[in-house]
Amino acid sequence: MKTIIYSHPYNRSFNKAILDRIIEKLERGKEEYILIDLYKDNFNPVMTEKDLEVYSKGESLDPLVKKYQKILTETDEIIIIFPIWWLTIPAILKGFFDKVMLKGFAYKESKYGIKGLLNNIKTAKVITTATSPKFVMQIFGFGMFIKTAVLKGIGIKKSKWIHCSFKISDTDEKRKKFLKKVENIIGK
């Protein structure tokens with residue numbers, strides 16, 4: 001099963017158009033998927049004092065965390081869609097990784113750092129949008145952060161990063177071309 005992790009609050013955004021295109025493609029191919037929409041789920045990314053009391057034990061008090069973890073154990077591919085704001089991921093997505101990817105679930109401590117445990121997830125596709133081009137993101141280490149620090153850290157060895165840089169003045173043609181590119185890399 002594929003799991004889409006979507007992180008954008010505005011229903012008329014280009015990120016939403018990307019999400020819609022992916023869902024259309026998956027449904028046409030009759031592929032099984034589930035959507036985790038962090039904003040629609042009202043996911044709270046803030047780590048509270050109560051959260052931290054159980055965090056080191058690899059536990060959470062948030063029922064959404066348990067729900068998301070169950071979904072991820074049944075997932076063989078994740079598709080993560082989000083805008084890049086201030087050269088980083090949205091706070092709600094950072095909170096998702098902080099609160100859901102717990103010790104004993106997503107990783108274990110090893111002699112050389114951490115060892116990922118979500119080996120059932122064979123591939124990840126990370127789809128981002130920003131006004132800055134991909135090479136600028138790479139200069140600041142963004143691709144390395146996502147592909148290595150986060151995804152490999154939880155056990156996902158194969159990932160692809162697809163980025164669209166655009167400005168408000170860009171044409172609809174550029175957006176349509178990117179949507180086609182996304183459709184071509186998703187699903188069967």
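Start with the whole chain: buried residues make up 48% of its 188 residues (buried means under 20% relative accessible area with a 1.4 Å probe, protein chains only). What you have open is a predicted model, where local features need pLDDT of at least 70, side-chain atom pairs count only at pLDDT 80 or more, and totals for chains, interfaces and linings use all residues. Numbering runs from 1 along each chain as its sequence is written, and side-chain values use heavy atoms, with hydrogens and water left out.

Now switch to cartoon. You'll find 7 helices and 7 strands (DSSP runs numbered from the N terminus: helices are H or I, at least four residues; strands are E, at least two). Along the sequence they go β-α-β-α-α-β-α-β-β-β-α-α-β-α.

Next, select residues 2-6 and 33-37. These are strand 1 and strand 2, paired in the parallel sense over 5 bridges (pairing takes at least two DSSP bridges). Add residues 14-28: that's helix 1, which the chain passes through between the two strands in a right-handed β-α-β crossover (with the strands pointing away from you, the path from the first strand over the helix to the second runs clockwise). For one bridge, pick K2 and its strand 2 partner, Y33.

Last stop: show M47, D51, Y55, E59, S60, K99 and L102, which line the largest cavity (on a 1 Å grid over the protein atoms alone, points where a 1.4 Å probe fits but cannot get out; lining residues have an atom within 4 Å of a point). Its volume is about 30 Å³, the space filled by probe spheres set on the points, which are joined across faces, edges and corners.

Methods:
1 Å grid on protein atoms, 1.4 Å probe; cavity = no way out; pocket = protein on both sides within 12 Å on 5 of 7 lines; lining within 4 Å. Buried < 20%, exposed > 50% of the residue type's maximum accessible area, 1.4 Å probe, protein only.
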